[in-house]
Amino acid sequence: MAEPMRKFITGMDLLEKHRLMQGAVKRVSKGVPLRILMILLLFAASAVPLSVFAQETEGNDQTIAADQDARDDAEIARRIRAIYGQIDGLSDISVSVRAGVVTLRGTVSEAQIGDQAVDLAQRVAGVVAVSSEVLEETSVSERLVPVAERLTTRAKQTLNYLPLVSVAILVWVLVTLLGWYLAGRRWPLNRIAPNAFIADLLRQIIRLAFFVGGATLALDILGATALLGTILGAAGIVGLAIGFAVRDTVENYIASILLSIRQPFRPKDLVTIEGFQGFVIRLTSRATILMDLDGNHIRIPNSTVFKSNITNFTRNPERRFSFDLGIASDADIDKALSASLDVLETLEFVLEDPAPGTWIKNIGASNIEITLSAWIDQTVTNPAKARSEAIRVAMLRMEAEDLELPEPIYRLRFDGSPPSQPPQQVRQRPRKSTPPPETTLNDTSVDRSVTDKVDQERAENTEDDLLRDDAPDEFGTAQQ
C-alpha cells in the first residue's frame, strides 16, 4: 500500500502537499483522532522534495539536476580538461562549463578529433549539453603534421613487424613446398586414382590444400586470422562470378572426369556421337576428338558426349550386314530363298555362327523383295566391302538360276478408247541357259588407312589423352 500511495503523492503539486500538512496540524490541535494523524504523517513521509521529483521522473533517462552550482561546473571542467590532456590532439581545446552546459573552443587538425572531443564531454557525469565551437585547421603545414606522424608510426611498426613477417612467409613457403613434394609422389595416388587424369586432379587438390593451410598458419603467426575470413569470402564471390562466366568450360571439365572414369570407348573405336561417325583419337579435358572415314577431324565437347547416345561399333567384333534384292513377281520364291542363302554360306568372310539368313521382306506391284543378312568379323573384314561383295555375288547367282531382277511395268490408259489389256512383263535381258563361271571374290579385308592415321595422331601427342587401352570400361572389363 505504501508504494502506490507514494506514487500518488509524488504526482501532486508541492503547494497542495503543504496545504494538507497545515490542515492536519490544525485538526490535531482540535483533538483529531490518533488514526487520522498517523495517516497524514504517512503522506508526509512519502512526499519528496521538488528537486528529487525532477530527477526521478519515470520515462526520462537523461535528467537535468535543478541544484547545479558553480562548484559542480568547475569540477566538470576540470574533469574534461584532465581527459583531454591524455589524448593527442585534444590538449589545445579550451573547456568552459556553466549550468552544466559545456562549451568547447579551439582548433583541431581533423574533423574526427573534434567529434571525439564532443563525445568524451557528453559522457562526463553532470553534463547537460555540449556546445562545440571547435574549428578544423586549414593550414597546410598543420594538416600535414598528423599525416607525417602517422606515416612515421606506421613505418616504425612495419620495421618492427619485419622479423615476424619473415617467419610467417617462411612457414608459408615450407608448408607449400611440402604439399608440392607429397603431390609429386607417384605412389599412392597412381594406385588410388582410376586413371592419370584423376591422379593429376588429386595432386592439384593436395597442392591447394597445403597452400591454403600455409597461408592460415602465416596469418595466425601475424595475428591476422580474421583477415582470412574476408579473403575467403571475397574469393567465394569471385569464384561464383567466374563459375557463371565459364559455365560451359566447367561443365566440359566435369564431363571429362566422368568420361575418363567410365571409359565408354577406347582409342581407335569406331563410334557414332550426335550423328558424327569416326574413329576415336583422344579424349581431352575439354573435347572428344574423332577422325571420320574420310580422314577429317571432328571435335565434340565432352558435355555433349556425356549427354548423347553413343553407338560403339568396335566393342563387339561380330557385326551384321544386310541388303535387299528384288525378283519378279512370277519367280520361284523357294528357289530364290535357297539360292540366296547358298550364296551367303559360300562366302568365305561370312561367319558360320551366327548363321546367315534370308527372308521375304515385302511384295510389291511387280516384284518380291528378299532380305539377305550375314555376320562378319569386323577385325579382319571391312563391313562395307563385305556387303558390296555379297550383293555382287548374289546378283550373279540370281541370274545364273534364271531369277531375273524385275523390270518396272507401266499401264497406259487413254480417255475415250477401250481399256487396253495389261501388257506382259518385258524382260530386257535374255535368259541365260548356262550358269556363269565360278566367281572370284574381291578383297574384303579391313581398310587400315584411317586407323593408321589415328595411330599417328596418338603417337604425336599423348600428354593430354585421358583414354587408356588397359583401363576398365564402364562394364568393369579391361581390354585383353
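The chain of this predicted model holds 15 helices and 11 strands. Of its 480 residues, 29% are buried. The accessible surface amounts to about 31600 Å², and carbon and sulfur atoms account for 57% of that area. Where contacts link residues at least 6 apart in sequence, 68% of them join residues at least 24 apart.

One loop carries several local features. Helix H13 (333–346) and strand E10 (357–363) are linked by a loop that contains Glu352, and Pro354 is found in this loop between H13 and E10 as well. The peptide bond that joins Asp353 to Pro354 is cis, with omega about 5°. Asp353 also belongs to a surface patch of negative charge, together with Glu318, Glu345 and Glu352. Glu352 has a relative accessible area of 75% and therefore counts as exposed, because the cut-off for that class is over 50%.

Two residues other than glycine have a positive phi, and the table gives their values.

| Residue | Phi | Relative accessibility | Loop |
|---|---|---|---|
| Glu274 | near 55° | 48% | between strand E4 (270–273) and strand E5 (276–283) |
| Asp402 | about 60° | 32% | between helix H14 (383–400) and helix H15 (449–460) |

Are these two residues buried, exposed or partly exposed? Glu274 is partly exposed because its relative accessibility is 48%, and Asp402 is partly exposed because its value is 32%. Both values fall in the class between under 20%, which is buried, and over 50%, which is exposed.

Note on methods: Residues numbered from 1 in each chain as written. Predicted model: local features only at pLDDT ≥ 70, side-chain atom pairs only at ≥ 80, totals over all residues. Heavy atoms only, no water. Patch = residues over 30% accessible without salt bridge, like charges linked within 9 Å, V, L, I, M, F, W, Y side chains within 5 Å. Areas by Shrake-Rupley, 256 points an atom, 1.4 Å probe, with all protein chains shown as cover. Salt bridge = Lys/Arg side-chain N within 4 Å of Asp/Glu carboxyl O. Lys, Arg positive; Asp, Glu negative; His and termini not counted. Charge placed at Lys NZ, Arg CZ, Asp CG, Glu CD. Helix = DSSP H or I, 4+ residues; strand = E, 2+ residues; numbered from the N terminus. Buried < 20%, exposed > 50% of the residue type's maximum accessible area, 1.4 Å probe, protein only. Contact = heavy atoms within 4.5 Å.
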